[in-house]
Each structure stands twice: as C-alpha cells, then as structure tokens.
Amino acid sequence: MAKRKQGLGWIEWLRGWMYVIYEMLFQRITASHLHNPLELPPLSDLTCIVTGSTSGIGREIARQLAEAGAHIVMAVRNPKAAHELINQWSASWHGLPLNIEVMQLDLLSLDSVVTFANAWNARLAPLHVLINNAGIFSIGEPQKFSKDGFEEHMQVNHLAPALLSILLLPSLIRGSPSRIINVNSVMHYVGFVDTEDMNAVSGKRKYSSLLGYTSSKLAQVMFSSVLHKRLPVEAGVNVVCVSPGIVHTNVARDLPRIVQAAYHLIPYFIFSAQEGSRSALFSATDPQIPEYCELLKADEWPVCAFISQDCRPTNPSEEAHSVETSFEVWEKTLEMIGLPSDAVERLIEGKEVKCRYGTQND
Ligand SMILES: NC(=O)c1ccc[n+]([C@@H]2O[C@H](COP(=O)([O-])OP(=O)(O)OC[C@H]3O[C@@H](n4cnc5c(N)ncnc54)[C@H](OP(=O)(O)O)[C@@H]3O)[C@@H](O)[C@H]2O)c1
C-alpha cells in the first residue's frame, strides 16, 4: 500500500512560498490593468449575502455591491456595527437609497449557521450571490477550539462556510444562475490538509496559526472543487475561490506592533481593502464567470475556478489537484458539519436534509 502523504514535499513547499512572495512583490504590477474601484454594472436584480461585512475586504464588497443597486444582506456577528456602517454609507451616498439589511451570523457556532440558513430559506426568495468572505488568521495565538470542538481557523474559514453554502443551495438554485464566491488566499499554496487530523491535535505536525490558516484555506479549495463537480450544470450554481491579494485590513490585528507598523510603511506593496475587494466583486458580477466554470466542469478532473487578485483565472496549488485528498476532505467535512453524504443531491432534488446542528432536529 502506498504510504500516506504527511505534508508538502520541500519542492512543493518552496514553490508555494514563491507564489506567496511573488504575489506580495508584484500584485500591484500584475493588477495594474484594473480600475480602482472596480467598475460594476447596474446590479438591481441581484440579492447577495456577504459574510464578515463589518470590516476589511467584506465591508468594501458589501458597500460597492449596494451602491451598484444590489440587495445586500450583511451576515455578521456584530449587527450593531453593521447598522452603524449602513448609516455612514447612506449619509455619504447620493444615489437611490441603499438596499441593505443585517442578519446575525457567528461562524464559530454551527448552530448559528443553521439558524441563519433556515431563516433565509424560509423566505422562499432567490439568492444570486453568496460571498463567503469572513475569515480569521489569529497570528501567533495558541491553538483554540470552537464550542463545536473544531480548531477555530478550520471552523471559521472552511467548515462554517461549507455548511452555509450547502444549506443555502435551495435559495441559490431558486436564484440561478447564481454563484458561491469563497474569499480564499494565496496562502493555500503552502497549505496541507491531513484528513485524519483536521483539528491538528495528533501532534504529527506542530500546531501554529500558519498551519491552521493555510490548511483551512486549502481545505476550502478542495471542498469547493468537489462541490463544483457535484452540482450539475442544470442547477446553475457556480463555485469560485478568489485570492484578494495581500491586503491591509484588520486581519493583521494580532500581529506584533512592530510588524503592524511595517505594514503601514509598505503601502506600495500592500493593497487597500478597496483594491483587495476587486477579485471577489469581479467573480460575483462578471458575465463570463459561469461560462468559465462550465468549461472547467467539462475537464476530466475539474478543480473549481480560482480567480487571482488581478481578476485573472489561475491554477490553485498542486496539492489542491489531489483527487483522492479532495474527496477525503469532502467526506470528512460533511461528517464534521453534521450533514449526510448525499446532502447536495437531496437538496437539488428538492428534498429535506437533516443537519446535526441547529434547530432542525427540534
Ligand atoms: N488581508 C489579507 O491580506 C488577506 C489575504 C488573503 C485572504 N484574506 C481573506 O479575506 C477575508 C476577509 O479578511 P480581511 O482581511 O478583510 O480581515 P478582517 O478585516 O479581519 O475581516 C474579517 C471579517 O470576518 C468577520 N469574522 C471573523 N470571525 C467571524 C465569526 N466567527 N463569525 C462571523 N464573522 C466573523 C469579522 O467580523 P468582525 O468585524 O466582527 O471582527 C470581519 O468582518 C478572510 O477570509 C481572509 O482570510 C485576507
């Protein structure tokens, strides 16, 4: 029997870091063809859910989509902060009134994800775009676990968005052609997922926040690829992962003061949140995206679409192309988020799906 891979080989690891360094040094050059802010078409026909829209990239995504006329649902853990932002945006906006609402969502609680999805699906309204933007990178912090028992990076960056995407499928199908946009990261190139140790507790690899973050981002790409493959073209739901670039946001809040200061000193290299929002906005609105996703679906082994910070399609990491591990990540994820293995097929057929979390079993 072939020996199980225990981590990235050093050549893969080195190549991964070269991608990260290249993005940091050259993102402004490779994205120089893009306007800032990105020009958006009128979007009054779209309803979009944006998670984590009280800060950084998500805040920009929500504001710009709303100003282009979309109906925005800010899915946030701090509704008060979201309402304050809506007041600010409305006060400085001179067009038609912004159509934004706020719903509570805490990704550290899978119960909260189910409650959110049930409340949204109960409206029987179409959903055109789900933007899974919220994420954490608790740099330098010790390992932490959610109340559901999962390593926090894995839960917030991968498990909870995966559960949200699947539970919202009925609304996304109602809104088809629709899109699931996952704000991923170039850091997935240095990630490795050990499907026997998704919580990084076995001690096989020493835990660090870098390990937690990069493996959660790679798990998201792998899961998205299988989801993309399982969704038939007729369902009309496209799955895209995007890299926003290296962006100056609150994600650096846990960095040592001196590194945060360095962040401010190198504005040439680092994108503003507005610049970092472009790949997600592009993927959410460009008319060619569904066609590109369909093209990838026809591949023998289609990985999902991955749009880089310069709004061009790119290949996710070599590890993300591992068919075997991607299916293991799929199965393991469904098990962890409490869904049956045929959840997607059942939802497509319009059947009910029971989740271990939330109030569905009450
Ligand atoms: N900045 C970068 O260089 C960079 C690079 C690659 C990828 N990304 C990705 O971009 C996405 C956005 O990050 P950002 O840079 O804009 O960081 P940010 O400014 O820290 O924003 C993250 C957002 O996620 C929300 N969030 C965190 N934990 C949550 C939870 N448990 N439940 C619900 N919402 C939660 C935060 O809510 P609060 O406002 O309540 O804290 C915040 O709105 C993340 O997925 C990140 O991994 C960022």
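**Exercise 1. Place P177 and describe the peptide bond before it.**

Start with the location: P177 sits in the loop between α6 (169–174) and β5 (178–183). Those labels follow DSSP runs numbered from the N terminus, with helices being H or I over at least four residues and strands E over at least two. Next, the bond: S176 and P177 are joined by a cis peptide bond, with omega at about 5°.

A quick note on the model: it's predicted, so to speak of local features takes pLDDT of at least 70, side-chain atom pairs count only at pLDDT 80 or more, and totals for chains, interfaces and linings use all residues. Residue numbers run from 1 along each chain as its sequence is written.

**Exercise 2. Do the same for P37.**

P37 lies in the loop between α1 (10–30) and β1 (47–51). A cis peptide bond links N36 to P37, and omega is about 0°.

**Exercise 3. Work out how α4 and α5 pack.**

Step one, the geometry: helix α4 (residues 110–121) meets helix α5 (residues 152–167) at an angle of about 20°, and their axes are 10 Å apart. Axes here are lines fitted to C-alpha atoms over the stretch in contact, and angles run from 0 to 180 degrees between N-to-C directions.

Step two, the label: that makes α4 roughly parallel to α5 (angles under 35 degrees count as roughly parallel, over 145 as roughly antiparallel, 65 to 115 as roughly perpendicular, the rest as oblique).

Step three, the contact: α4 brings L110, V113, V114 and A117, while α5 brings A160, L163, L164 and L167. Contact means C-beta atoms, placed from the backbone, within 7 Å.

Step four, the classes: the contact has 8 nonpolar residues, no polar and no charged. Nonpolar covers Ala, Val, Leu, Ile, Met, Phe, Trp, Tyr, Cys and Pro; charged covers Asp, Glu, Lys and Arg; the others, Gly among them, are polar.

**Exercise 4. Take two residues with positive phi, L124 and C311, and say how exposed each is.**

L124 isn't a glycine, yet its phi is about 55°. You'll find L124 in the loop between α4 and β4 (129–132). L124 counts as exposed because it has 9 C-beta neighbours inside 10 Å (buried takes 20 or more other C-beta atoms within 10 Å, exposed 12 or fewer, partly exposed in between, with C-beta atoms placed from the backbone).

C311, also other than glycine, has phi near 65°. C311 belongs to the loop between β7 (305–307) and α12 (323–336). With 19 other C-beta atoms within 10 Å, C311 is partly exposed.

Definitions and conventions:
Contact = placed C-beta atoms within 7 Å.
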